[in-house]
Amino acid sequence: MRTCVSIIEPSLAAALSAAKRAKDQGADLVEVRFDMMSSPPSDLRGFDDIGIEMIATLRPALQGGGYTGNEQTRRAFLRMAAEHGFGLIDLEDGSVLLREARKVFPRSRIIASHHDYESTPPSREIVATLTRESEWADVAKAAYKVNTVTDLLVLAEAAKSLSATKGSHVIVGMGAAGEITRVCADRLGSEFSYACLEKGKEAAPGQLDLATMMRLGRGGGTITGVVGGSLRHSRSAAMHNAAFEALGLPGRYFKFETRKDELNKLKPIALAYGLRGFNVTIPYKEEIMPLLDSLDAVAERVKAVNTVVVEDGMLRGTNTDAFGVEKTIELAGVEVRGKKALLIGAGGAARACASALKGIGADVTITNRTAGKAKRLAEELGGEAVPLRDAPKGEYDIVINCTPLGMVGFPDEMPIAPEVFREGQFVMDVVYNPPRTKFLAEAEKKGAVTRNGEDMLVFQAAKAFELWTGGWPPTDVMKEALRGSLT
Ligand code: NAP
């Protein structure tokens, strides 16, 4: 994949300096957005010897650019650009100038550009647009706002249809949800991918900086991500991307916010974009299971999948949450074998905790707001269930909150009466934001050893990273990135 840096500097001198830096930092092409300057410059001599391919763009305001002058001046300026080393001229789909371009710019390659800043249309419409553009241009370009994972599949389908044609094209998915289309531009058959020189200088939403694109290299490296209902609060991308960067490994972690009716599109998306795997989070850890090709023994035991590995075109589900719990216990130096543990909650986190504790030899008791669910989980695990009001009367060595109570956005309430705590107990909260919940504060008051859900989160991520890359990540870097993302 070739990388084109879009330059949006306000002055000619700044644009020239940015073009030189882009070249020095490895860009294959630069696009100078002359419409971002107060007026088109009258002299372009400095660009003659930049040494890489250059695109001149003077996009009219009506087409989403910043140029407000007339067509005659625009035509004259772009001809001057063509004479000063700009071998590619970008013109808008449907414009009169595009139709005349081969005559007006006989020695330049023409890029025809189509932008939809709102949505992604059906793939046949994308194919029709790019086919129409290629009648007038050497490179047919279309950029669409990606709003859903379905849009990612639509773009991949359009690219597949176009792969049979000879023409050159660039397909871009704009916005944060479309970032993967920039990194995996090769998979969409794009001639090049647009990037910005540095963060904060994006010419379009979702553009990555050149240094990141260079690190990812051709094909984007190890492509991973997280699938969930609402991912605004997910910290996984911060942790995984920090690990990729720290190791200097080409790889990127994306957020795939997915509606329930889109879950069956994940496999074709994973295959089209070459995903190595993905995490699964609330509310799909169970719903994803029937859609996978296989489950490993841990996923079968926990009855929830938080990690998928793509192997030979197959989606294999596993669960690394239980590993996160085991590591939390190990790092706290707690002896679990033969000890009595109380879990509050009967959802996915409780299943992971129960599986980990049973695996290390603890006796597990479950209590939950909905008693029936606690009973079912206990029966399945060979443990006990106890009503929430009776649970504090029990004697437990380990107590773990597996409900979201206390987490940012949820009531800061105790999931159980504080009488359950006593000195020397090990008390864990799966919640990590905030780091100290009322639950942990009350346990500390009684002299318990406490841990929040931070280690669980970091180590479930580390295990997934290892499954995808074959290498163990720097967990201190991941933890730092997690903490940084919470402030
Ligand atoms: P889940 O499957 O939806 O289960 C939620 C559990 O919490 C259920 O037992 C539910 O009881 C109970 N609950 C929810 N709201 C409650 C309330 N207001 N009062 C009392 N009980 C309530 O969710 P999950 O996947 O287990 O996640 C639970 C928490 O664990 C979340 O905060 C999640 O972020 C956290 N988590 C942390 C990690 C980590 O790595 N640190 C990993 C996974 C999950 P009912 O059965 O009565 O509905």
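**Close-up 1. Helix H8 passes helix H15 in a right-handed crossing.** This is a predicted model, and that goes for every view below. H8 covers residues 236-247, and its axis sits 10 Å from that of H15. The two helices pack at an angle of about 55°. H8 and H15 are therefore oblique to each other, given that angles between 35 and 65 degrees fall outside the roughly parallel and roughly perpendicular classes.

**Close-up 2. H15 also packs against helix H16.** Here the partner is the stretch 475-486, and the angle between the two helices comes to about 125°. Their axes are 10 Å apart. That angle makes H15 oblique to H16. As for handedness, H15 goes past H16 in a right-handed crossing.

**Close-up 3. Helix H11 crosses helix H12.** H11 is made of residues 321-332, and its axis comes within 8 Å of the H12 axis. The crossing angle is roughly 55°, which makes this pair oblique as well. The H11 and H12 crossing is right-handed.

**Close-up 4. The ligand sits in a shell of 20 residues.** Which residues are closest to the ligand? They are Ala 346, Ala 349, Asn 368, Thr 370 and Lys 373. Two helices from the earlier views turn up again: H12 (348-359) and H15 (454-469) each give at least two residues to the shell. If you sort the shell by residue type, you get 10 nonpolar, 7 polar and 3 charged residues.

**Close-up 5. Polar atoms of the ligand meet both backbone and side-chain atoms of the protein.** Start with Ala 349, where a backbone N or O atom is 2.7 Å from a ligand oxygen. Arg 369 uses its side chain instead, with an N or O atom 2.9 Å from an oxygen atom of the ligand. On the nitrogen side, a polar backbone atom of Gly 453 lies 3.0 Å from a nitrogen atom of the ligand. How much of the ligand does the protein bury? Taken alone, the ligand exposes 920 Å², and the protein buries 80% of that.

**Close-up 6. Asp 261 lies in the loop between strand S10 and helix H9.** The loop's neighbours are S10 at 251-257 and H9 at 266-272. The Asp 261 side chain makes a polar contact of 3.0 Å with the side chain of Arg 259. Now look at Thr 150, which is 111 residues away from Asp 261 along the chain. In space, the C-alpha atoms of Asp 261 and Thr 150 are separated by 9.8 Å.

**Close-up 7. Two cis peptide bonds lead into prolines.** As background, most peptide bonds are trans. The bond joining Ile 282 and Pro 283 is cis, with omega at about 5°. You'll find Pro 283 in the loop between strand S11 (277-280) and strand S12 (294-295). The other cis bond runs from Asn 433 to Pro 434, and its omega is near 10°. Pro 434 is in a loop too, between strand S19 (426-429) and helix H14 (438-445).

**Close-up 8. Lys 303 has a positive phi.** Its value is about 60°, although Lys 303 is not a glycine. For context, most residues other than glycine have a negative phi. Where is Lys 303 found? Lys 303 belongs to the loop between helix H10 (297-302) and strand S13 (307-311).

Terms used. Residues are numbered from 1 along each chain as its sequence is written. This is a predicted model: local features need pLDDT of at least 70, side-chain atom pairs count only at pLDDT 80 or more; totals for chains, interfaces and linings use all residues. Side-chain values use heavy atoms; hydrogens and water are left out. A residue is near a molecule or strand if one of its heavy atoms lies within 4 Å of it. A polar contact is a pair of N or O atoms within 3.5 Å; within protein, one must be able to donate a hydrogen and the other to accept it, and residues adjacent in sequence count only if both atoms are side-chain atoms. Accessible areas come from the Shrake-Rupley method with a 1.4 Å probe; for residues, only the protein chains shown count as cover. Helices (H or I, at least four residues) and strands (E, at least two) are DSSP runs, numbered from the N terminus. Ala, Val, Leu, Ile, Met, Phe, Trp, Tyr, Cys and Pro count as nonpolar, Asp, Glu, Lys and Arg as charged, and the others, Gly among them, as polar. Axes are lines fitted to C-alpha atoms, for helices over the stretch in contact, and angles run from 0 to 180 degrees between N-to-C directions. Angles under 35 degrees count as roughly parallel, over 145 as roughly antiparallel, 65 to 115 as roughly perpendicular and the rest as oblique. A crossing is left-handed if the near helix is turned anticlockwise from the far one by less than a right angle, and right-handed if clockwise.
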